[in-house]
Amino acid sequence: MGTESSPKIVIVDESPIRAAILEEGLREAGFTSVAHIREMHSLLARIYALDPDVIVIDLENPSRDVLEQMFQVSRAVRRPVAMFVDQSDTASIQASVDAGVSAYIVDGLKKERLKPILDLCISRFNAFAKLQDELERARSALEDRKVIDRAKGILMRMKGLTEDEAYVLLRSTAMREKKKIGEIAQSVLTASELLK
Amino acid sequence: MTQSLRIGFIPLVDAAALIVAVDKGFAAAEGLDITLVREVSWSNIRDKLNIGLFDAAHLLAPVAIASSLGLGHVKVPIVAPFNLSLNGNAITVSPALHAAILGELAGDPRDLLTDPLATAQALSRVVAARRKQGAEPLTLGMTFPFSTHNYQLRFWMAAGGVDPDEDVRLVVLPPPFMVDSLANGHVDGFCVGAPWNSIAVDLGIGHILHFVSDILVRAAEKVLAVRRNWSETNPQVLAALIRAATAAADFIEQPQHRAEVARILAQPEHIGGDADVLQRTLDGRLKISPDGTYRESSRYLLVGREGASRPEPVQAAWLYAQMVRWGQASFSPEALRTAQQVFRSDLYDAALGRAGKAATGPGDIGAFAGPAFDANDIAGHLAAFKIGRRCG
């Protein structure tokens, strides 16, 4: 099944945002049959109920080991599953591990048909990681700003400086000690707490 | 010159020799700069070892064999020149299943509760009673299809007449999910390594029914695994790694070091959790019941003592025989040879400059049921067991 129509893809991911990004990408690329599992309890039963051709799972998910049970011959399994990553395609394996995603293909689907799906997953996973990175940087920049503002206030009060002078003092100290200005500001805060 | 290595591990007590080798400087003393990478699944460990992202790994002994045979996954020859642990798992059951098994024991529980044949037969009666009542089959968790946990559970219940594929549901569960699953009633019991059994007992939601050393006296549990290709191109580095792990295992086995080792393991980047629980595990002194009953066994977990670190090919043969028994592999003499060649006692002996001497005789797997294991007659050995899924 699934050789003519769009293959049925199941995304196993506890991150709803990343799953949404992935799902959107797959739909844009013409893969219309995409489902998302975010609840890990009874994972195999959920997968069997959806009966997918392709399963995508993130590498940070401990439930990857649960999927390994699908390779076992047992009465619970109706059709065997083979992992996509074969030794012939080391570049793909490397790229998918780097991106933090793994894909499984159910027997019957041609391997060539998985390639565009996996490539898309890799690029979307990387895009998500970049987005998270940027968010994290923005958040820490904001944190730094707050800390610097408070440190400036302390220096202005205790040393009778203007705001600009207080900032210059923090910055020149940071440069001299080869530290980030946020770290210097934090130590001003800590010192003033101790000296209270 | 210092050699950098990346080694993957799962946060379990039997990764101790690797963690201590790094933390106490045994690796550095051998010229190794080891980065330990904590992983969340055995699949990740296996794949990252296979494709070379890890130089070495803390690995389930059966996965090293399965990977070398190409079972269930791509075929990548792996060698295991060092056992990180023998035994160390336990079977924990819910209070309800514990009471049911206790109720079905044919005799005094005080005599029979550590007798795996008695408990397995009692389990068989519990299963029969549930079937009669039309209740759902019992569900039991284990960590991986190719795991000692899987084989220990199967061996135990089959000896009592319970068919693990027909009479109960065996499901793979990642260790960190075991305790929650037991608390929620998603499983009735599980077989897992430390510290998860103790955590279930401490939470009052589980009873440790068996140490797996009740089932097998000496079972290779986790190995230090490397790709065979890598072992051939890096023999000196591998020898240094074996020596560092040996020094660490010797350190861990000194009772006066246990508190310090437990503190090292309890660090969040290592295993995390409560140092007391970790020390109990290392000491083989576990609280087995929420009422505070303790049980002590010198065989609960072996990290290096009694020759535990030397990988014996007979251990690999026993694990391969379980794969055959439960239909994961078909039997062939070539596959048996391949499996035995995964356990490299020769590399272990050479690295330590020790004369090769097996710590175990061929029959010393020490299973509680069936004939003594004979690696030279696996078909004959398996024929002695009624329940199984042999596929030829």
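1. A good place to start is where the two chains meet: 23 residues of chain A are in contact with 23 residues of chain B, contact being counted when two C-beta atoms, placed from the backbone, lie within 7 Å. Two elements of chain A give two or more residues each to this side, namely helix 3 (64–67) and helix 4 (90–99). Helix 4 of chain A gives the most, with four residues. By class, the chain A side divides into nine nonpolar, eight polar and six charged residues; here Ala, Val, Leu, Ile, Met, Phe, Trp, Tyr, Cys and Pro count as nonpolar, Asp, Glu, Lys and Arg as charged, and the others, Gly among them, as polar.

2. A word on what you are looking at: this is a predicted model, in which local features need pLDDT of at least 70 and side-chain atom pairs count only at pLDDT 80 or more, while totals for chains, interfaces and linings use all residues. Residues are numbered from 1 along each chain as its sequence is written, and chains are lettered from A and ligands numbered from 1 in the order in which they are written.

3. Chain A has seven helices and five strands, taken as DSSP runs numbered from the N terminus (H or I of at least four residues for helices, E of at least two for strands). Along the sequence they follow the pattern β-α-β-α-β-α-β-α-β-α-α-α. Of the 196 residues of chain A, 31% count as buried; a residue is buried if 20 or more other C-beta atoms lie within 10 Å of its own, exposed if 12 or fewer, and partly exposed in between. Among the contacts in chain A with a separation of 6 or more, 62% join residues 24 or more positions apart.

4. Two loop residues of chain A deserve a glance at their backbone. Ser42(A) has phi near 55°, a positive value in a residue other than glycine, and sits in the loop between strand 2 (34–37) and helix 2 (43–50) of chain A. Ser42(A) counts as partly exposed because it has 15 C-beta neighbours inside 10 Å. At Asp51(A), phi is near 50°, again positive in a residue other than glycine; this residue is in the loop between helix 2 and strand 3 (54–58) of chain A. With 13 C-beta neighbours inside 10 Å, Asp51(A) is therefore partly exposed.

5. In chain B, do look at the peptide bond from Ala194(B) to Pro195(B), which is cis, with omega near 10°. Pro195(B) belongs to the loop between strand 8 (189–192) and helix 10 (196–202) of chain B.

6. Now for the interior. The largest nonpolar core has 172 residues, and those with the most contacts inside it include Ala17(B), Leu18(B), Ala21(B) and Tyr320(B); such a core is a set of buried Ala, Val, Leu, Ile, Met, Phe, Trp, Tyr and Cys residues joined through C-beta atoms within 7 Å. Helix 12 (residues 235–253) of chain B supplies the largest share of this core, ten residues. Apart from it lies another core, of seven residues, among them Ile148(A), Ala151(A), Ala166(A) and Val188(A).

7. Ala21(B) touches Phe26(B), Ala27(B), Ala244(B), Ala245(B), Ala247(B) and Ala248(B), leaving aside residues up to four places away in sequence. Pro235(B) also lies in helix 12 of chain B, but with 13 C-beta neighbours inside 10 Å it counts as partly exposed.

8. Helix 1 (residues 16–23) and helix 13 (residues 258–266) of chain B pack at an angle of about 95°, with their axes 10 Å apart. Axes are lines fitted to C-alpha atoms, for helices over the stretch in contact, and angles run from 0 to 180 degrees between N-to-C directions. The two helices are therefore roughly perpendicular to each other (65 to 115 degrees; under 35 is roughly parallel, over 145 roughly antiparallel, the rest oblique). Ala16(B), Ile19(B), Val20(B) and Asp23(B) of helix 1 meet Val261(B), Ile264(B) and Leu265(B) of helix 13. This contact has six nonpolar, no polar and one charged residues.

9. Finally, helix 15 (residues 313–325) and helix 16 (residues 333–342) of chain B pack at about 135°, with axes 7 Å apart, which makes helix 15 oblique to helix 16. Residues making this contact include Pro313(B) and Tyr320(B) of helix 15 and Leu336(B) and Val342(B) of helix 16. The contact residues divide into eight nonpolar, one polar and no charged.
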